Amino acid sequence: MVRTDLQLGKGKIAAQVAHAAVSAVLEAMEKRGWKEWLDSWLSEGQPKVVVKVPSETELVERCWKARSLGLICSEIRDAGRTQVEPGTLTCAAVGPGPNELIDVVTGDLKLL
């Protein structure tokens with residue numbers, strides 16, 4: 001999920017989304033009981049869908065919802081060296097996990 005209100009450049013979005021995906025996988029590797037979800041995601045070709053949210057508030061709310069369902073939600077806060085202030089929440093990755101759970105969190109969002 002990427003915030004559109006920040007009007008980030010394409011390269012910045014790509015870097016932030018990659019950071020979120022890597023962070024989510026690292027978190028899944030560290031959690032007990034996540035091996036099955038992670039292995040399934042890896043065997044399916046590591047699918048990723050980038051969707052947009054209009055604000056920080058909505059991004060935070062969706063991460064809260066993901067966590068309440070037992071999913072990982074890896075929030076990315078930028079270092080602030082280029083386009084945004086330090087600590088700005090730019091995006092988040094939900095999962096890996098079952099598609100039906102992830103869809104509860106992100107299924108109604110539009111593609112970026």
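Student: How many disulfides does a search of the whole structure find?

Tutor: One. Keep in mind that this is a predicted model.

Student: Which cysteines does the disulfide join?

Tutor: Cysteine 63 and cysteine 73. Their sulfurs sit 2.2 Å apart.

Student: And where are those two in the chain?

Tutor: Cysteine 63 is in helix H3, which covers residues 56-68. Cysteine 73 is in strand E3, residues 73-77. The two cysteines are 10 residues apart, and the pair links distant parts of the chain.

Student: Are cysteine 63 and cysteine 73 buried or exposed?

Tutor: Both are buried.

Student: What about cysteine 91?

Tutor: Cysteine 91 is in no disulfide. Its nearest cysteine sulfur belongs to cysteine 63, 9.3 Å away. A disulfide needs the two sulfurs within 2.5 Å.

Student: Is cysteine 91 buried or exposed, then?

Tutor: Buried. Its relative accessibility is 1%, and the cut-off for buried is under 20%.

Student: New topic. Where is arginine 62 found?

Tutor: In helix H3. That helix also holds cysteine 63.

Student: Why does arginine 62 count as buried?

Tutor: Because its relative accessible area is 13%, and buried means under 20%.

Student: What does the side chain of arginine 62 reach?

Tutor: The backbone oxygen of valine 105, at 2.6 Å.

Student: Which residues is arginine 62 in contact with, leaving aside its neighbours within four places in sequence?

Tutor: Met1, Val105, Thr106, Asp108 and Leu109. So Val105 appears in that contact list, and its backbone oxygen is what the arginine 62 side chain reaches.

How values were computed. Residues are numbered from 1 along each chain as its sequence is written. This is a predicted model: local features need pLDDT of at least 70, side-chain atom pairs count only at pLDDT 80 or more; totals for chains, interfaces and linings use all residues. Side-chain values use heavy atoms; hydrogens and water are left out. Helices (H or I, at least four residues) and strands (E, at least two) are DSSP runs, numbered from the N terminus. Buried means under 20% relative accessible area, exposed over 50%, partly exposed in between (1.4 Å probe, protein chains only). A polar contact is a pair of N or O atoms within 3.5 Å; within protein, one must be able to donate a hydrogen and the other to accept it, and residues adjacent in sequence count only if both atoms are side-chain atoms. Contact means heavy atoms within 4.5 Å.
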